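The following paragraphs offer a guided reading of a protein model. Please keep the sequence and the structure in view while reading.

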Amino acid sequence: MRTPSLVARPRVWEKRHMVCNAGVSRQRRAWVASKSLNSNLADAKKAKEDEFYTQLPDIERELRHYKKDFEGKVVYCNCDDPRVSNFFHYFSYSFEQLGLKRLIATCYKSQDADLFSQNSSERAVFLEYNGDKNNNMVPDSSEIGIKLLSGDGDFRSQESIDLLKQADIVVTNPPFSLFREFVTQLIRYDKKFILVGNQNAITYKEVFRLIMENKLWLGYNNGDMKFRVPQSYPPRETRYWLDEEGNKWRSLGNACWFTNLDTAKRHEDLVLYKTYNPDEYPTYANFDGIEVGRTEHIPADYKGAMGVPITFLDKYNPDQFEIIGNSRELGLPMSSIAEKGTFAQGGPRFYLPNGDGTYRRMYDRLVIRNKRL
C-alpha cells in the first residue's frame, strides 16, 4: 500500500466515476450471470468513456456556500479514491476552519493511489482524518489513518453502509449510471448530501419525486464544467481537447450540484416581467398547459399549468412555484388525439400544433404553477 500522496503533493483534480467508482461493468458481470458478452463489453466501454475528473476550483466554488452546515459534522466521501481525491483534500485542509468532527473517504477496488484507478484489487481501503495533531495545520500522512476494507468498497456493500451510518453529510461524485440508486440510499438512511451530477438525472423518476417533495434541489453552480478524462477516452468533435501536456479534456454544459441542505439561493424570487398572451404562449395539443420556452419568460399573470425547461430548477423557489409534474408523466398519448403520421414518434412528451395539421414534439418539460396567483 502506498503512502498517501495527498498531504505531500495536493492534487488539482477530483476523480469522477460514472459507474460505481469505475467498476459497474465488473460488478454486473458478477451479479448478473445471464448478461450477454456484448452487453458487458458495452458497459466496459461506457465506464471508460464516463470517467471524469473534476477541478478543485469547482469543488471550492460550490462548497464555500455550505460552511455553516459542516460544523461538528462527520463528512463521508464514499465514491472517491481518498489519496487522490480533492474532496478529501478540501475537507482535510479545511478541517479546523469548518469545525469538522471527522472525515472519512472510501474507494472502489483500489489500494494504490492512481488518478484513473484500474480497479484491479478485490479489496479497497478507507481513510480517516480526525484533525491536526502536531499544530502545523497540515494533514500529515502520520495523522491520516489508512485501513484495509474486507471487501471492494462498493457504496452498496455492508462495510460502506456501516460507515455511511456514522456520517452526517455525504459529499462526493456519485456515478451517473447509478445516481438514482445512490441518492435513494442516502434518503433511506436520512443523510444530508452535496453531490455532483448530470442535469439528466432530474428526469429520473426516483429523483424527480424527491424534487417534487422538496427533498432534493439544485446547488449554486450549475451548467458548464470541464473535466479531465482518461487517455483511453475516444475523441469527440465537440467539447473535447488536448492540453499542452497531451492530457485529454471534456466539458459538459449540463453538470449540476444536487443537495438537500437548505440554501439562500432557493428562497430568492424569480423576477417575472412578461404578461400572458395566447400567441406567445401556445397551449399543448396533449396537455392543458402552455409552453414557456425560457425560464425568464414565465408570465407573471398566468394561473394555470406551464411547461418550462428542466433548467428552471436552477431558479426554483418552492415558496413562489409549485412543481405539478413533468411531460413524461402528464401528456396524453398523441395517438389518442391525432392521426398517425402527423406527429413525430417517441417517448411521452408534450406536443405543439404547427398550424398545418401536424405537431412538433417538445423537449422534456417540468410543469409548474405560480402559487401566488
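A loop makes a convenient starting point: arginine 239 is found in the loop that lies between strand S10 (223-229) and strand S11 (240-242). The model under discussion is a predicted one. Although arginine 239 is not a glycine, its phi is positive, at about 55 degrees. Is this residue buried, partly exposed or exposed? Because its relative accessible area is 39%, and partly exposed covers values between the 20% limit for buried and the 50% limit for exposed, arginine 239 counts as partly exposed.

Another loop invites attention next. Asparagine 135 is placed in the loop between strand S5 (125-129) and strand S6 (144-148). Asparagine 135 is likewise not a glycine, and its phi is positive, at about 65 degrees. The relative accessibility of asparagine 135 is 69%, so this residue counts as exposed, the cut-off for that term being over 50%.

From the loops the reader may turn to a strand. Strand S8 spans residues 192-198 and is mostly covered, with six of its seven residues buried. Which strands pair with S8? One of them is strand S7 (residues 169-172), which pairs with S8 in the parallel sense over four bridges. In this pairing, isoleucine 169 stands opposite lysine 192 of S8. Strand S12 (residues 248-259) also pairs with S8, but in the antiparallel sense and over five bridges. Here valine 196 stands opposite tryptophan 257, a residue of S12. A general point helps when looking at such strands: in a regular strand, side chains alternate between the two faces of the sheet.

The connection from S7 to S8 also deserves a look. Together with helix H7 (residues 179-188), S7 and S8 make a β-α-β unit, and this unit is right-handed.

The last topic is the nonpolar interior. The largest nonpolar core holds 83 residues, and those that touch the most other members are Leu63, Phe70, Phe91, Val171 and Ile298. S12, met above as a partner of S8, supplies the largest share of this core, namely five residues. Apart from this core lies another, of seven residues, including Phe287, Ala305, Phe350 and Val367.

Which residues does phenylalanine 91 touch, if those up to four places away in sequence are not counted? Its contacts are Leu63, Phe70, Val75, Cys77, Leu98, Leu100, Leu103 and Val171. Among these contacts, Leu63, Phe70 and Val171 are also named with phenylalanine 91 as residues that touch the most other members of the largest core.

Conventions: Residues numbered from 1 in each chain as written. Predicted model: local features only at pLDDT ≥ 70, side-chain atom pairs only at ≥ 80, totals over all residues. Heavy atoms only, no water. Buried < 20%, exposed > 50% of the residue type's maximum accessible area, 1.4 Å probe, protein only. Helix = DSSP H or I, 4+ residues; strand = E, 2+ residues; numbered from the N terminus. Pairing = 2+ DSSP bridges. Right-handed = clockwise from strand over helix to strand, strands pointing away. Core = buried A, V, L, I, M, F, W, Y, C linked by side-chain atoms within 4.5 Å. Contact = heavy atoms within 4.5 Å.
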